[in-house]
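Ready for a few exercises at the screen? Keep the sequence and the structure open side by side, and try each task before reading its solution.

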Amino acid sequence: MATKVEERTYEDAVSWLRDHGFDLIEAPGTAGRVFLRKYNVSAAIQKNGPDGVKIFAYPGYLIGSEISKLVNKGYQQVLKTSKTEIAATADHLKALQQFSEELKEALGLPSLYNESLGTVSESYHYDRVKDRNEPKADRPKRPWEVAGAKAAVAGKKNRA
């Protein structure tokens, strides 16, 4: 059974965030935009119309002074910034999930089942998916394709 989520106004959301231990920094040169910080995770929200609020910058772990992007590479999740990429630890992921859940509550957004099970990455880069949008002739050979070609050649030599 679906439940109705009570959406909050921008002022209500900012007040809720302050009351629950978030550090708020007004964005320079922009009215109605605030950067949030807690658990060494940061995001930004902004006013949306007269009463609404929306997420401007999605939550990311702070590396230096930059908000990182969580990238899932299939075998490892990494925190990526414009300058560096580091492996995401369990502590990083726990902080991101806790921050995201509290932010959703502050903004009156629904908490989805799959997101509440664990951290959801912004981007997924699996090695078998890489280059699949390229034409077949331009794609690099995969290890199993190279191994299959060698086995076929070896089979032909044995018959002769």
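**Exercise 1. In which sense do strand 3 and strand 4 pair, and over how many bridges?**

Before starting, note that this is a predicted model.

Step 1. Find strand 3 at residues 41-48 and strand 4 at residues 52-63. They pair in the antiparallel sense, over seven bridges.

Step 2. Pick one bridge to fix the register: Val 41 has Tyr 61 of strand 4 as its bridge partner.

Step 3. Look at the connection. The two strands make a hairpin with three residues between them, and Gly 49 in that turn has a positive phi of about 80 degrees.

**Exercise 2. Place this pair in its sheet and trace the strand order.**

Step 1. Count the strands: the open sheet has five, in the order 1-2-3-4-5, with antiparallel pairing.

Step 2. Find the edges. Strand 1 (23-26) and strand 5 (66-67) each pair on one side only.

Step 3. Move to the other neighbour of the pair you began with. Strand 2 and strand 3 are antiparallel over six bridges, and Phe 35 stands opposite Ala 44 in strand 3.

As a reminder of the principle, backbone hydrogen bonds are what pair the strands of a sheet, in a parallel or an antiparallel way.

**Exercise 3. Which residues in the loop between strand 2 and strand 3 have an unusual backbone sign, and how accessible are they?**

Step 1. Strand 2 and strand 3 form a hairpin with two residues between them. Tyr 39 lies in this loop, and Asn 40 lies in the loop between strand 2 and strand 3 as well.

Step 2. Read the phi angles. Tyr 39 has a positive phi near 60 degrees, although it is a residue other than glycine. Asn 40 is not a glycine either, and its phi is positive at about 65 degrees.

Step 3. Check accessibility, with partly exposed spanning the range between under 20% and over 50%. Tyr 39 is partly exposed because its relative accessibility is 36%. Asn 40 has a relative accessible area of 27%, so it is partly exposed.

**Exercise 4. Describe how the helices lie against the sheet.**

Step 1. Start with helix 1 (residues 10-19). It lies across strand 1, strand 2 (33-38), strand 3 and strand 4, and runs at about 155 degrees to strand 3.

Step 2. Add helix 2 (residues 90-107), which packs on the sheet and touches strand 2, strand 3 and strand 4. Its direction makes about 165 degrees with that of strand 4.

Step 3. Now ask what surrounds strand 3. Six of its eight residues are buried, so strand 3 is largely enclosed by the rest of the structure.

**Exercise 5. Examine helix 2 from end to end.**

Step 1. Helix 2 has 18 residues, and from its first C-alpha to its last it reaches 26 Å, close to the 26 Å expected at 1.5 Å a residue.

Step 2. List buried positions: among them are Leu 93, Leu 96, Phe 99, Leu 103 and Leu 107. An α-helix has 3.6 residues a turn, so residues three or four places apart point the same way.

Step 3. Look just past the end of helix 2, where Gly 108 takes a positive phi of about 75 degrees.

**Exercise 6. Find a charge over a ring, then step back to the whole protein.**

Step 1. Centre on Phe 56: the charged end of Arg 33 sits over its ring, 3.5 Å from the centre.

Step 2. Zoom out. The protein has four helices and nine strands, and buried residues make up 29% of its 160 residues.

Terms used
Residues are numbered from 1 along each chain as its sequence is written. This is a predicted model: local features need pLDDT of at least 70, side-chain atom pairs count only at pLDDT 80 or more; totals for chains, interfaces and linings use all residues. Side-chain values use heavy atoms; hydrogens and water are left out. Two strands pair if DSSP finds at least two bridges between them. Contact means heavy atoms within 4.5 Å. Axes are lines fitted to C-alpha atoms, for helices over the stretch in contact, and angles run from 0 to 180 degrees between N-to-C directions. Buried means under 20% relative accessible area, exposed over 50%, partly exposed in between (1.4 Å probe, protein chains only). A charge sits over a ring if NZ of Lys or CZ of Arg is within 6 Å of the ring centre and within 35 degrees of the ring normal. The expected span of a helix is 1.5 Å times one less than its number of residues.
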